[in-house]
Amino acid sequence: MATISLRSAGGGETVEVRLERTAGSLGQAYHIVIADRRVEVAVESLADGAGRLWIRGRQVPFYLSTDGRRIAVWLRGQTYELEVSRGAALRAAGGLHGVMQRALTAPMPGTILQIHVRAGEAFQAHQALVVMESMKMEMTLSAPHAGRVSEVSCRVGQLVEMGATLARFEEPEDGITAE
Amino acid sequence: MFRKVLIANRGEIVARVAQTLQQMGIVAVAVYSEPDRRSPHVAACDEAYSLDGRTSAETYLRGDKIIDIARSCGADAIHPGYGFLSENAEFAEACGKAGVKFIGPSPKVIRGLGDKVAAKEMFAAAGVPVVPGWSGKADAKIEDIKKHAATIGFPVLIKATAGGGGKGIRVVENVDQLAAGIEAARREAEAAFGDGRVFIERYVERPRHVEFQVFGDEHGNVVHLFERECSIQRRHQKIIEESPSPALNPALRERMGQAAVTAARVAGYTNAGTVEFLVDASGDFYFLEVNTRLQVEHPVTEMVVHHDLVRAQVLVAAGQRLPFEQESLRQDGHAIECRIYAEDPSRQFVPSTGTIEHYAAPAGPGIRVDSGVLEGSEVSVYYDPMLAKLILAGRTRMEAIDRAIWALERFVIMGVKNNVAFLRDLLMHDRFRSGELHTGYLEEHRVCDDRDGQIPDEALIVAALAAQGLAHHSGEPAAGTHDLGPWEAAGRWRAF
């Protein structure tokens, strides 16, 4: 018996999946409990990363890959990204996010075209901070809330990865609140 | 007939053109940038030569390098595909001077129609309806454009004079946004086409985009091969195209077809082209522009008229007559194309990059896949993020749509975010199925609900098995595998 805590990569509710090996006629068979649902499943790996679940007579083809952190599962044209949840402490830390951002990050890989702010400068909510380009598409990155720039961490012409920090914001002062 | 043809492009269109060339007994030549060295488009051709560079500007936009390669390898002709140099009159002219046939219209026609302003004036004079409220000058200063925009009335559309493919297009709601919009559109146009000129026109509310495929030869024959409805767009780029259009009745189709043929005749058009129209709710139609190239969505037409458009392009370029006459052309059944992009529909369709880990395209009767990628392909920031085109034929529109849904649910792409599930949801959407389309459809209807938190049990089961090392996967062991259960020994296994 094993219990695995899973959630959507990047957040969301944690779901506990209980696995118990059973004797099955088709491949590796498991008794699975998810919340109040019980499922009898046989799993068959077909080729590298490809496989099939049997749930009674129903066949569910899947593809599977992982980068060591996230588990990506393909089902019927859709890819679901999951991660093994690290437990309650992590969930609590995650809960603090989202009110005030501490940095502007690149939403896509691309090239920085324009930077409209400098370190120390205050900005308003929705103000354009950085303009970037990816695959010939321009995207203006606007301020999520009012604040002040503590550091600009990119330069015009730079090629950045998705998620790269472009600018850091100062700790919010009294009187500046998120919209 | 040509003996050897160079295809001056990358991705799926190269493989598609190469197939026809090879079937005609013509040697197909690929060119490639450094990131594309191992791309399927190179493998699809008989010969391949390096363009020594990474960005589009260093490679696929370098007409001089491409013509040098064509001459040194002995190619008689160049097929430009779409995008890149396909609508570049200077390139077409340089091909002619180098003694290499450009497979497309003459440089004069490309230049004439590439100037969207002059083209509109020419067609309006010939009696083809044009977008109302049209104004503006090709090279106008921002102050002048502001004046014209005020006369036209907001919202206005800013478009690249040399444009196409949705690049350099901006909708501007009010005069305050105009200067910034024009600046951005100019930069995009400059980057995409090497020509930063823009113009403005009235933004027609809730229009359909319906285009007609036209074809001319050097013997004075001009025909149309019916329409394609391309109203489903995001960021002003088409993602679903179909033929016939659910909006046209036989009478309207006849009138629009006539207008398209008139436009092609007036322009002196040869080879394949597309006359684009906006159709409003009352069924009035307005000329938009002519694309002087083979379109991305040409397979939709091929699937209903049963002619190979690339073959016709090659024949016409070689001086032969069109292989079809207007009277013999029929629209047979229905075809629909879904463009598969590496992008994230839940985040404003931002392009996604990465390595394709798993790739498996669906197959079966009535299913065609024109693909530019394989398992292991890199999707880079250098080029357009279109991965493949899925084209479905059916006896009726519903049959084609249902076939598309079936195929999308079996299209495996992992490693880059993609729009496969989004397209499936769109095809299942009631308004889409009833054919009530317009170019703002995706802004008006929320097709893709946020699926976060709605993970099916099957995905949880597979992920749990993977985390326990009980299902074979590609890549590294998932986090959490140190926590193996009592049947650890059974851990890694394959088929049984």
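**View 1. Buried residues in helix H11 of chain B.** In this predicted model, Leu309(B), Val310(B), Ala312(B), Gln313(B), Val314(B), Val316(B) and Ala317(B) are the buried residues of H11(B). The helix spans residues 309-317 of chain B, and with seven of its nine residues buried, H11(B) is mostly covered.

**View 2. The surroundings of H11(B).** What do the buried residues of H11(B) pack against? Their partners in chain B include three helices and strands from the earlier part of the list: helix H1 (12-23), strand E4 (77-79) and strand E5 (101-102). Strand E9 (208-216), strand E12 (271-279) and helix H10 (298-305) of chain B are also among them. Follow the chain just past H11(B) and you meet Gly319(B), which has a positive phi of about 90 degrees.

**View 3. Where chain B touches chain A.** Here 59 residues from chain B and 56 residues from chain A take part in the contact. On the side of chain B, at least two residues each come from helix H8 (178-193), strand E16 (350-351), strand E22 (412-414), helix H13 (420-428), helix H16 (457-467) and strand E23 (474-476). Which of these gives the largest share? That is H16(B), with 11 residues. Sorted by character, the residues on this side of chain B are 34 nonpolar, 10 polar and 15 charged.

**View 4. The two domains of chain A.** Look now at chain A, where domain 1 covers residues 2-91 and domain 2 covers residues 99-169. Taken over C-alpha atoms, the centres of domain 1 and domain 2 of chain A are 37 Å apart.

Definitions and conventions. Residues numbered from 1 in each chain as written. Chains lettered and ligands numbered in written order. Predicted model: local features only at pLDDT ≥ 70, side-chain atom pairs only at ≥ 80, totals over all residues. Domains from an automatic or database assignment. Buried ≥ 20, exposed ≤ 12 C-beta atoms within 10 Å, placed from the backbone. Helix = DSSP H or I, 4+ residues; strand = E, 2+ residues; numbered from the N terminus. Contact = placed C-beta atoms within 7 Å. Nonpolar A, V, L, I, M, F, W, Y, C, P; charged D, E, K, R; others polar.
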